[in-house]
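Here's a quick tour of one model, from a single helix out to the core and then the ligand. Have the structure open as you read.

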Amino acid sequence: MQQVGTALGFDPALLRAIAERVGTPAYVYSVNLIRAQYHALDDALQGSRHRICYSVKANGNLGVLRVLQGLGAGADIVSVGELRRVLAADFDPDAIVFSGVGKTPAELEEAIRARVGFLNIESTSELDVVIAVARAVGRPVTVGIRVNPDVATETHPYTKTGEKTAKFGIPFDEVVPVAARIAAEPLLRLRALAMHLGSQITDVQPYHRGTVKLLELVTAIRASGIDTLEALDVGGGLGVRYHNEKAPSPAAFAAAVMPAVNAAGLGLLCEPGRYLVANAGVLLTRVLYRKHAGGKEFVIVDAGMTDFVRPSHYNAHHEIIPLTDGGRGGDRPEEVVSVVGPICESGDFLALDRKLPEVRPGEYLAVMGTGAYGFVMSSTYNARPRPPEVVVEGDRYYVARQRETLDDLLRGEIAAPTTWYRA
Ligand code: LLP
């Protein structure tokens, strides 16, 4: 049986104390684990001039952002909401990369005014709007081209982004003409070529193939007389071990991406999200009830798909560790149970048919590997307030985000109309 304390650096007694103080469900993030992940990657990339731009979508909590900012990370953002977050956490605007297929004119304008490091252009029609906004604002704009490198990856279909049928990036053979259009526009400067292949990638070969393709484009762009490129952005996606996956080492990732970037004589940017935070977070939940039905054992807990959707949405496996008896389950007999939430959907589960030490109502469980794509994907479905987020550093913790209240859920709504509008 995996132990909380040894496996993931959380002290079970501290987790229980947090659960008692802030209630459950609650997310808990470890500063030390985030730092360790960051340093491992940063060390592995020493052979290149590099910057790690944390992908904020994985976990946008200000406490988490502040830790990464303190380590010198840049940020990869996809919305003005994320822009506001990273600016609130004091990230250097020049170290911000703004990607996304559907940036609105208002978002582009705010990013241009904030002088973000570069806007990643994802379509020619977006480029038209960037040019128009740049002219209207009257400011120079540094841009990147997000290339669709057409490189296949082995990951969940929902998180593959680098194949030519995906909605992301500019098709490979349109990149040089797009670069020429950017170069012809006095307010724009082409600073980077970028790719993002997908998420939870456990084989580094696709990174190698992708960077070789980017290098090909660098050569062609330079041959056309454009010499403003400063960096290749190899995207995020570095996989982690949730269960029995073979996660690539930072060294293997570095060995896959550095040769082409160094051959181009450019800086290296990467955009990891999950790698930095997934295993630095747990979701605490409490057992409400036990139930035997249809030949199955159900453990009904107070966290559901609204708090943590990955099991339900991607059929993702997350370890669950009871916090009883030092996180080991002690001498409790093991049994096969489904751990389910309170939401009115049969897809509301955290684990199906899982072998766990026996747990009883009132006891706490830690759902592991929930630091990435956890709170950020939570919802208020069934009118459930979203859980708090707690940041742990050593033996101390603070509540970085309060639990949402029932009043929060009613904010902005009215029960009876005060103003009617007509077309
Ligand atoms: N850069 C770009 C442009 C991205 O779209 C993403 C993730 C990343 C970086 C960071 O990827 P990461 O290093 O975290 O794999 N909700 C899904 C994952 C969706 C990822 C979307 N894009 C999940 O829970 O598995």
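## Helix H7

How far should the 14 residues of helix H7 (residues 124-137) span at 1.5 Å a residue, and how far apart are its end C-alpha atoms? This is a predicted model, and here the numbers match: the expected span is 20 Å, and the end C-alpha atoms of H7 are 20 Å apart, which agrees. Just past the helix, Gly138 takes a positive phi of about 70°.

Plenty of H7 is tucked away: Glu126, Leu127, Val130, Ile131, Val133, Ala134 and Val137 are buried. Their cover includes two helices, H6 (105-113) and H8 (175-184), plus strands E5 (118-121), E6 (141-148) and E8 (188-194).

## The nonpolar cores

The largest nonpolar core runs to 99 residues, and Leu45, Leu119, Ile145, Leu193, Tyr207, Phe253 and Val339 have the most contacts inside it. Because domain 1 (4-11 + 278-405) and domain 2 (92-272) both contribute residues, this core lies between them. A second, separate core has 17 residues, among them Leu15, Ala26, Val282 and Val390.

Zoom in on Leu119. Setting aside neighbours within four places in sequence, Leu119 touches Phe98, Leu108, Ala111, Ile112, Val130, Val141, Thr142, Val143 and Gly144. One of these contacts, Val130, is also among the buried residues of H7.

## Around the ligand

The ligand has 18 residues around it, with Ser199, Glu271, Arg310, Tyr314 and Tyr373 coming nearest. A polar side-chain atom of Glu271 sits 2.5 Å from a ligand nitrogen atom. Asp76 also has a side-chain N or O atom 3.2 Å from a nitrogen atom of the ligand. With Arg274, it's a backbone N or O atom that lies 2.8 Å from a ligand oxygen atom.

Terms used:
Residues are numbered from 1 along each chain as its sequence is written. This is a predicted model: local features need pLDDT of at least 70, side-chain atom pairs count only at pLDDT 80 or more; totals for chains, interfaces and linings use all residues. Side-chain values use heavy atoms; hydrogens and water are left out. A nonpolar core is a set of buried Ala, Val, Leu, Ile, Met, Phe, Trp, Tyr and Cys residues joined through side-chain atoms within 4.5 Å. Buried means under 20% relative accessible area, exposed over 50%, partly exposed in between (1.4 Å probe, protein chains only). Domain bounds come from an automatic or database domain assignment. Contact means heavy atoms within 4.5 Å. Helices (H or I, at least four residues) and strands (E, at least two) are DSSP runs, numbered from the N terminus. The expected span of a helix is 1.5 Å times one less than its number of residues. A residue is near a molecule or strand if one of its heavy atoms lies within 4 Å of it. A polar contact is a pair of N or O atoms within 3.5 Å; within protein, one must be able to donate a hydrogen and the other to accept it, and residues adjacent in sequence count only if both atoms are side-chain atoms.
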